[in-house]
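Student: I should like to learn how to read a protein model. Would you please guide me through one?

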Amino acid sequence: MTCPHCGEAARCVGDRGKGVTSLLRWVQRERHCDHCGSRGQGRYPWDQTLGTADHRLTAGAREVVSLTGIQEKLSAMRRIERCTS
Ligand SMILES: [Zn+2]
């Protein structure tokens with residue numbers, strides 16, 4: 001395995017657990033970890049594929065959270081408009 005960041009050899013160090021919230025429920029899953037000795041960091045290919053590298057929400061759950069936030073802001077704006085008109 002080659003590290004995609006530095007091109008040095010990366011070795012498999014086994015599976016590591018991570019919990020994420022999906023649209024349906026919280027899910028604990030194991031994912032494969034490659035460790036780059038040059039950078040001293042682990043890499044989780046499935047996190048990149050699923051879009052959960054920097055998040056604990058799946059892509060679908062992030063979309064719903066975002067839409068919910070927009071709806072709440074619009075509701076607040078409508079309440080303000082009613083109070084000020
Ligand atoms: Zn590297």
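The dialogue below goes from the whole chain to the sheet and then to single residues.

Tutor: Please keep in mind from the outset that this is a predicted model.

Student: Where should a reader begin, and how many helices and strands does the protein chain have?

Tutor: One begins with an inventory of the secondary structure. In this protein chain there are two helices and three strands. Their order along the sequence is β-β-β-α-α.

Student: Is the protein chain spread out or compact?

Tutor: The radius of gyration may be set against the value from the globule rule. For the 85 residues here that rule gives 12 Å, whereas the radius of gyration is 20 Å, so the protein chain is more spread out than a compact globule. The box that its C-alpha atoms fill along the principal axes is roughly 65 × 25 × 15 Å.

Student: What share of the residues of the protein chain is buried?

Tutor: Burial is judged by counting neighbouring C-beta atoms. By that count, 4% of the 85 residues are buried. One may also consider contacts between residues at least 6 apart in sequence: 42% of these join residues at least 24 apart.

Student: Let us turn to the sheet. In what order do the strands lie, and is the pairing parallel or antiparallel?

Tutor: In general, the strands of a sheet pair through backbone hydrogen bonds, in a parallel or an antiparallel manner. In this model the order is β1-β2-β3, the sheet is open, and the pairing is antiparallel. The edge strands, each pairing on one side only, are β1 (10-21) and β3 (41-43). From one strand to the next, the twist averages 40 degrees.

Student: How many bridges join β1 to β2?

Tutor: These two antiparallel strands are joined by 10 bridges. Two examples may be traced in the model: R11 has H35 in β2 as its bridge partner, and R16 has R31 in β2. The hairpin that leads from β1 to β2 passes through four residues.

Student: Over how many bridges do β2 and β3 pair?

Tutor: Strand β2, residues 26-36, pairs with β3 over three bridges, again in the antiparallel sense. Here H35 is opposite G42 in β3, and D34 is opposite R43 in β3. The hairpin of β2 and β3 has four residues between the strands, and in it G40 adopts a positive phi near 70 degrees.

Student: How many residues of β1 are buried?

Tutor: The general idea for strands is that side chains in a regular strand alternate between the two faces of the sheet. As for cover, β1 has one buried residue among its 12, and is thus hardly covered. A10 belongs to this strand, and A10 is buried, with 22 other C-beta atoms within 10 Å; the cut-off for burial is 20 or more.

Student: Which residues does A10 touch?

Tutor: Leaving aside residues up to four places away in sequence, A10 touches M1, T2, C3, D34, H35, C36 and R43. By contrast, 42 Å separates the C-alpha atoms of A10 and I70, which are 60 residues apart along the chain.

Student: How does one read the helices, and what length does α2 reach?

Tutor: A helix can be checked by comparing its span with the expected one. Helix α2, residues 59-84, has 26 residues and reaches 38 Å from first C-alpha to last, close to the expected 38 Å. None of the 26 residues of α2 is buried, so this helix lies largely in the open.

Student: Is T49 buried or exposed?

Tutor: T49, which lies in helix α1 (residues 45-50), is exposed, because it has 10 other C-beta atoms within 10 Å and the cut-off for exposure is 12 or fewer. The C-alpha atoms of T49 and L74 are 33 Å apart, with their positions 25 residues apart along the chain.

Student: And what of P45, which is also found in helix α1?

Tutor: P45 has 14 C-beta neighbours inside 10 Å and therefore counts as partly exposed. Its C-alpha atom is 7.4 Å from that of C33, and the two residues are 12 apart in sequence.

Terms used: Residues are numbered from 1 along each chain as its sequence is written. This is a predicted model: local features need pLDDT of at least 70, side-chain atom pairs count only at pLDDT 80 or more; totals for chains, interfaces and linings use all residues. The radius of gyration is taken over C-alpha atoms; the globule rule is 2.2 Å times the number of residues to the power 0.38. Two residues are in contact if their C-beta atoms, placed from the backbone, lie within 7 Å. The expected span of a helix is 1.5 Å times one less than its number of residues. Two strands pair if DSSP finds at least two bridges between them. Axes are lines fitted to C-alpha atoms, for helices over the stretch in contact, and angles run from 0 to 180 degrees between N-to-C directions.
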